[in-house]
Amino acid sequence: MCRGGRALRLSEDHKPNRGDEERRIKSAGGHVVNIGGVHRVTTAAGAGAGLNLKEHHYLAVSRAFGDMELKIPQPLITCTPEIKAFDVTEDDCFIVMACDGIWDVLDDQTVCEIAGEHFGRPKDAAASVVRTAYQKGSGDNLTATVIEFGWVSLEQCTEKMKQFVVEVEKSKDEDLDMFGD
């Protein structure tokens, strides 16, 4: 979410190598393997077989709909969502929902800035986020949606984004001058 020009993370990616997810997977009898730099959930058979996608199942996320091969007989992955509640404030301009292929190559603030450049045109904002992730080399699925809050005008969003940049620059100047007079 873009709050006052600053990115505010609303969720954490469900990657198999995330500490709590890896512990859950292993306690269910599954394995987390690194294949080509991507951590994936698999069964014991898949962990010892090497990369054989025809006989074994590998999944780069630890929570998903479907993928019954990794849910039966033991649920190595789950579709149970991780839910957090946040209050939306008048400083909130928009929210970006995107798949892991976006977040693998773009940080939250960069996505906030890209979408903010297209405020008033959410389809263009989403397309620009996807295009930028592709240009940065994401090899995963790329999907993004930008939802703008109706109480924020283009001028207000632009001003909030500019204010944030000024704050960041001021903060950098203060850090550089920490041993000054």
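These entries record what I looked up on pockets and nonpolar cores in a predicted model.

**Entry 1: largest pocket.** I began with the largest pocket, for which I noted a volume of about 920 Å³. Its lining comprises 32 residues, and those closest to the centre are Leu10, Ser11, Glu12, Asp13 and Ala98. I then asked which elements supply at least two residues of this lining. They are β5 (92-98), α3 (100-103) and α4 (108-116). The largest share, five residues, comes from β5. Sorted by class, I found 20 nonpolar, four polar and eight charged residues in the lining.

**Entry 2: second largest pocket.** I turned next to the second largest pocket, with a volume of about 260 Å³. Of its 14 lining residues, Lys15, Val38, Ala60, Asp104 and Asp140 are closest to the centre. Strand β4 (residues 38-42) gives the most to this lining, namely three residues. I recorded the classes as five nonpolar, four polar and five charged.

**Entry 3: nonpolar cores.** Nonpolar side chains tend to be buried together in soluble globular proteins, and I therefore looked up the cores. The largest nonpolar core holds 20 residues, and Cys93, Phe94, Leu106, Val129, Val146 and Cys157 have the most contacts inside it. Two or more residues of this core come from each of β5, α4, α5 (122-135), β6 (144-148) and α6 (154-176). I also listed what Cys157 touches: leaving aside residues up to four places away in sequence, these are Cys93, Phe94, Phe119 and Val152. Another core, of nine residues, lies apart from the largest nonpolar core, and its members include Ile25, Ala28, Leu59 and Leu76.

Notes. Residues numbered from 1 in each chain as written. Predicted model: local features only at pLDDT ≥ 70, side-chain atom pairs only at ≥ 80, totals over all residues. Heavy atoms only, no water. 1 Å grid on protein atoms, 1.4 Å probe; cavity = no way out; pocket = protein on both sides within 12 Å on 5 of 7 lines; lining within 4 Å. Points joined across faces, edges and corners; volume = space filled by probe spheres on them. Helix = DSSP H or I, 4+ residues; strand = E, 2+ residues; numbered from the N terminus. Nonpolar A, V, L, I, M, F, W, Y, C, P; charged D, E, K, R; others polar. Core = buried A, V, L, I, M, F, W, Y, C linked by side-chain atoms within 4.5 Å. Buried < 20%, exposed > 50% of the residue type's maximum accessible area, 1.4 Å probe, protein only. Contact = heavy atoms within 4.5 Å.
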